[in-house]
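Reader: I would like to read this structure feature by feature. Please give the general idea before each case.

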Amino acid sequence: MTATGTTALLGVAADAALAVPGVAGLQPRLAHRLAAAATTRADPMPHRTSPEAGIRADRAPGSGWHIEVRCVLTEGRRALDIARDVHDRVRTAVISHLSAPEPVTVTVTVTRIAARYDAA
């Protein structure tokens with residue numbers, strides 16, 4: 001799959017993860033966060049990372065795709081239930097997106113749970 005195809009795959013995975021109730025957002029990996037911080041210092045306009053920055057997709061010949069999803073969750077549902085839903089939805093979305101059937105494994109990492117603040 002080309003770089004453009006991989007970018008589209010990241011978008012499909014990000015959209016599927018963000019559609020799960022209880023997912024507040026996707027946490028970029030450290031490399032993306034450092035790049036954003038470096039850009040912010042040079043550019044006074046705030047830099048926003050795309051949701052795809054929280055997804056990593058690697059393809060190994062013969063073993064298919066491995067998708068890593070880094071999620072920030074909201075309170076209210078069990079983290080395990082949300083993580084399972086993210087796993088299932090991302091896997092289904094990626095398999096549907098691929099032009100040829102390939103094995104797909106998905107790893108979901110919960111990076112934090114965002115606290116809800118009630119407006120007083």
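Author: Start with accessibility. A residue is called buried under 20% relative accessible area, exposed over 50%, and partly exposed in between (1.4 Å probe, protein chains only). Arginine 77, with a relative accessible area of 34%, is therefore partly exposed. This is a predicted model, in which local features need pLDDT of at least 70 and side-chain atom pairs count only at pLDDT 80 or more, while totals for chains, interfaces and linings use all residues. Residues are numbered from 1 along each chain as its sequence is written, and side-chain values use heavy atoms, with hydrogens and water left out.

Reader: How much of the chain is buried, and what is its accessible surface?

Author: Of the 120 residues in the chain, 32% are buried. Accessible areas come from the Shrake-Rupley method with a 1.4 Å probe, and for residues only the protein chains shown count as cover. The accessible surface of the chain is about 7500 Å², and carbon and sulfur atoms account for 55% of that.

Reader: Which secondary structure elements does the chain have, and in what order?

Author: Helices (H or I, at least four residues) and strands (E, at least two) are DSSP runs, numbered from the N terminus. Here there are three helices and four strands, in the order α-β-α-β-β-α-β from the N terminus.

Reader: How do the strands pair?

Author: Two strands count as paired if DSSP finds at least two bridges between them. Strand β3 (residues 64-74) is joined to β2 by six bridges, and the two run antiparallel. Strand β1 (residues 23-26) also pairs with β3 in the antiparallel sense, over three bridges. Between β3 and β4 there are ten bridges, and these strands run parallel.

Reader: Which residues show these pairings?

Author: For β1 and β3, look at leucine 26, whose bridge partner in β3 is cysteine 71. For β2 and β3, alanine 57 has isoleucine 67 in β3 as its bridge partner, and alanine 60 stands opposite glycine 64 in β3. For β3 and β4, leucine 73 has isoleucine 113 in β4 as its partner.

Reader: What connects β2 and β3?

Author: They form a hairpin with three residues between them, and glycine 62 in the turn has a positive phi of about 90 degrees.

Reader: Is β3 mostly covered or mostly open?

Author: Mostly covered: eight of the eleven residues in β3 are buried.

Reader: How should I read a helix such as α3?

Author: Begin with its length. The expected span of a helix is 1.5 Å times one less than its number of residues. For the 19 residues of α3 this gives 27 Å, which agrees with the 27 Å between its end C-alpha atoms. Then consider direction. An α-helix has 3.6 residues a turn, so residues three or four places apart point the same way. In α3 the buried residues are Ile82, Ala83, Val86, Val90, Ala93 and Val94. Seen down the axis of α3, these buried residues fall within an arc of 105 degrees, so they line one face of the helix. The arc is that of the directions from the helix axis to the C-beta atoms. Thr92 and Ser96, on the other side of α3, are exposed.

Reader: How many salt bridges are there, and what counts as one?

Author: A salt bridge is a side-chain nitrogen of Lys or Arg within 4 Å of a carboxyl oxygen of Asp or Glu. The structure holds four. One of them joins arginine 59 to glutamate 102, with the closest N and O atoms 2.8 Å apart. That pair links distant parts of the chain: arginine 59 is in strand β2 (residues 55-60), and glutamate 102 is in the loop between α3 (79-97) and β4 (104-114), 43 residues apart. Arginine 59 is partly exposed at 45% relative accessibility, and glutamate 102 is partly exposed at 23%.

Reader: Which other salt bridges can I look at?

Author: Aspartate 85 meets arginine 77 in one, at 2.7 Å from N to O. Aspartate 85 is partly exposed, with a relative accessible area of 28%. Aspartate 81 and arginine 78 meet in another, at 3.1 Å, and aspartate 81 is partly exposed at 27% relative accessibility.

Reader: How far apart in sequence are the residues that make contacts?

Author: Contact means heavy atoms within 4.5 Å. Among contacts between residues at least 6 apart in sequence, 72% join residues at least 24 apart.

Reader: Where are glycine 5 and glycine 76, and is each buried or exposed?

Author: Glycine 5 is in helix α1 (residues 3-18) and is buried at 16% relative accessibility. Glycine 76 is in the loop between β3 and α3 and is exposed at 73%.
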